[in-house]
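Student: I have not looked at this structure before. Could we go through it by question and answer?

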Amino acid sequence: MAKLRSVKGMNDILPADIGRWHRLEAAFRHRAERYGYAEVRTPVLEPTELFVRGIGEVTDIVEKEMYTFEDKGGKMLTLRPEGTASCVRAWLQHSVGGSEPVTKWYYVGPMYRRERPAKGRYRQFFQAGCEVYGDPGPYVDAELVDMVVGFLRELGVEDVEVLVNSLGSGDTRARYRDALVAHLAPMRGRLSEDSRRRLETNPLRVLDSKAPEDQEAAASAPTILDYLDDADRAHFEGFQETLRALGTPFRVEPRLVRGLDYYTRTLFEVVGRGGDLGAQSTLLGGGRYDKMIGDLGGPSTPAIGFAMGIERILLCMGEGPAERALDVFVIAEPGVRGAATVLARDLRDAGLRAEADLRGNSLKSQFRRADKSGAPVALVLGQREIEAGTVQLKVLAEGTQESVARDGIVPAVRAALG
Ligand code: HAM
């Protein structure tokens, strides 16, 4: 029979690796909560229409990357490819905007895109993200970027570059789109097949293409910054000034467009330069999407957010201090395993991380397991100890052993752990 394996591009995260995930997630939660964000959890399955309307029909995600299927009741459902549209759906569904003028949410969870798997690019991957509803910026835009750069610094990810751009609002994009098409149309024959198609459907995406022939054509294209109106320009400048005041270095990249259709005005990405990232160097991306809530049927409400790829950050995060998994290992003669079970439970109730080998193996093999477990202390229980109301306490690294009264075992273990 063929061996069963996980779905291609979807990875197991084994206990040996989970410490780093916990460290990253805890740092993210603490930071987001210090900034006034509250956690939201939305379903991984949503109606397909949410993503088609929210993300945009002519995007790579909607065109070719979604896991979509018809359920037994004939409904079209999709495994969420990102969190932004789901958050907006939840915010509207529960009328959250009616009870608070500004909403700040964060989320951590798996997302699904059927991309070609590579290092840093998976079909199930985890994002941590934030979304803000009701604040038109530009101060909160800069605050978000500064918050996430501070978060990366806390994890030791410092070799990064912050790229910013503005896509303008209102008819800026339409005017720029016309100018871009006018520039690219004469070079049509030199563009990649994808870009030729996008020239009709979504020409801004040509700027995003990795194909050298497209990059060459894009290099001489006009930039969107020349098409901003006064209000968009003031917004973009306010964003940059606030970043400067916060001391967050950034670079204006006028060709930054990103793969999602919903952005307006502020756009940003943080790109990693160190670590083990390979080609997938974009650690996170985000921006303002002031039209999405209205487009999905809600009241016109400004919105901004970002999401980071957790796996990509782990690829450039330092190891950090190794965490001790166990404090104490209980070793028991086969005849006293019941008493050992009680002893281990009492240690855990006192807050210690305790493991007991309850299979009835030889003391020698139990000592071997205790040594391998990383627990600094072993407690040894035999018939003699039960009768005397004691336990043998062994500090494994030093090989010292003493007899301790059963009643006083918790403080004795704590003292031995230092
Ligand atoms: P995105 O740029 O599509 O934006 O994804 C954000 C981040 O998720 C990327 O920068 C990358 O680190 C990670 N990521 C994306 N696809 C993969 C993949 N296949 N494998 C591993 N990591 C991946 C969004 O998703 C927007 N919802 C961000 C946002 C929030 N904009 C406003 N609010």
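Student: Is Asp141 buried or exposed?

Tutor: The model is a predicted one, and the accessibility is computed from it. A residue counts as buried when its relative accessible area is under 20%. Asp141 has 0% relative accessibility, so Asp141 is buried.

Student: Which side chain meets that of Asp141 in a salt bridge?

Tutor: The salt bridge has an N to O distance of 2.7 Å. The partner of Asp141 lies in strand E10, while Asp141 itself is in helix H5 (residues 139-154), so the pair ties together parts that are 147 residues apart in sequence. The partner is buried as well, with a relative accessible area of 0%. The side chain that meets Asp141 is that of Arg288.

Student: Which residue of strand E9 is in contact with Asp141 and Arg288?

Tutor: Strand E9 covers residues 264-272. The residue in question is buried, with a relative accessible area of 1%. Leaving aside neighbours within four places in sequence, its contacts also include Asn165, His235 and Ile304. The residue is Thr266.

Student: Strand E10 has come up already; how many residues does E10 give to the shell around the ligand?

Tutor: The shell around the ligand consists of 26 residues. By class, these are 10 nonpolar, 9 polar and 7 charged residues. E10 gives the most to this shell, and its number is 6 residues.

Student: How far is an N or O atom in the side chain of Glu82 from a nitrogen atom of the ligand?

Tutor: Glu82 is among the closest residues to the ligand, as are Thr84 and Glu115. Arg258 also belongs to that group, and a polar side-chain atom of Arg258 lies 2.8 Å from an oxygen atom of the ligand. Tyr262 has a polar side-chain atom 3.0 Å from a nitrogen atom of the ligand. For Glu82 the distance is 2.6 Å.

Student: What share of the accessible area of the ligand does the protein cover?

Tutor: Three side chains with polar atoms at the ligand have just been named: Glu82, Arg258 and Tyr262. On its own, the ligand has 650 Å² of accessible area. The share covered by the protein is 95%.

Student: Which residue forms a salt bridge with Asp346?

Tutor: The structure holds 30 salt bridges, this pair among them. In this pair the closest N and O atoms are 3.1 Å apart. Asp346 lies in helix H12 (residues 337-349) and its partner in the loop between strand E16 (400-405) and helix H15 (409-417), so the pair ties together parts that are 60 residues apart in sequence. The partner is Arg406.

Student: Why does Arg406 count as partly exposed?

Tutor: Partly exposed covers values between the limits for buried, under 20%, and exposed, over 50%. Asp346 falls in this range at 27% relative accessibility. Arg406 falls in it too, because its relative accessibility is 26%.

Student: With which residue does the side chain of Arg197 make a polar contact?

Tutor: Arg197 is located in helix H7 (residues 193-201) and is partly exposed at a relative accessible area of 35%. A network of salt bridges links Arg197 with other residues, including Lys64, Asp194 and Asp208. The polar contact is at 3.4 Å, and the residue is Glu63.

Student: Which strands do the buried residues of helix H13 pack against?

Tutor: Helix H13 covers residues 363-373. Its buried residues include Ser365, Gln366, Phe367 and Ala370. They pack against E12 (328-332), E14 (377-381) and E15 (390-395).

Student: Which residue in strand E9 has a positive phi although it is not a glycine?

Tutor: Most residues other than glycine have a negative phi. Ser95, in the loop between helix H4 (84-93) and strand E5 (103-112), has a positive phi of about 45 degrees. In strand E9 the phi in question is about 50 degrees, and the residue is Arg265.

Student: Which residues are joined by a cis peptide bond?

Tutor: Most peptide bonds are trans. In this cis bond, omega is about 5 degrees. One of the two residues, Pro138, is found in the loop between E6 and H5. The cis bond joins Gly137 and Pro138.

Methods:
Residues are numbered from 1 along each chain as its sequence is written. This is a predicted model: local features need pLDDT of at least 70, side-chain atom pairs count only at pLDDT 80 or more; totals for chains, interfaces and linings use all residues. Side-chain values use heavy atoms; hydrogens and water are left out. A residue is near a molecule or strand if one of its heavy atoms lies within 4 Å of it. A polar contact is a pair of N or O atoms within 3.5 Å; within protein, one must be able to donate a hydrogen and the other to accept it, and residues adjacent in sequence count only if both atoms are side-chain atoms. Accessible areas come from the Shrake-Rupley method with a 1.4 Å probe; for residues, only the protein chains shown count as cover. Helices (H or I, at least four residues) and strands (E, at least two) are DSSP runs, numbered from the N terminus. Ala, Val, Leu, Ile, Met, Phe, Trp, Tyr, Cys and Pro count as nonpolar, Asp, Glu, Lys and Arg as charged, and the others, Gly among them, as polar. Buried means under 20% relative accessible area, exposed over 50%, partly exposed in between (1.4 Å probe, protein chains only). Contact means heavy atoms within 4.5 Å. A salt bridge is a side-chain nitrogen of Lys or Arg within 4 Å of a carboxyl oxygen of Asp or Glu.
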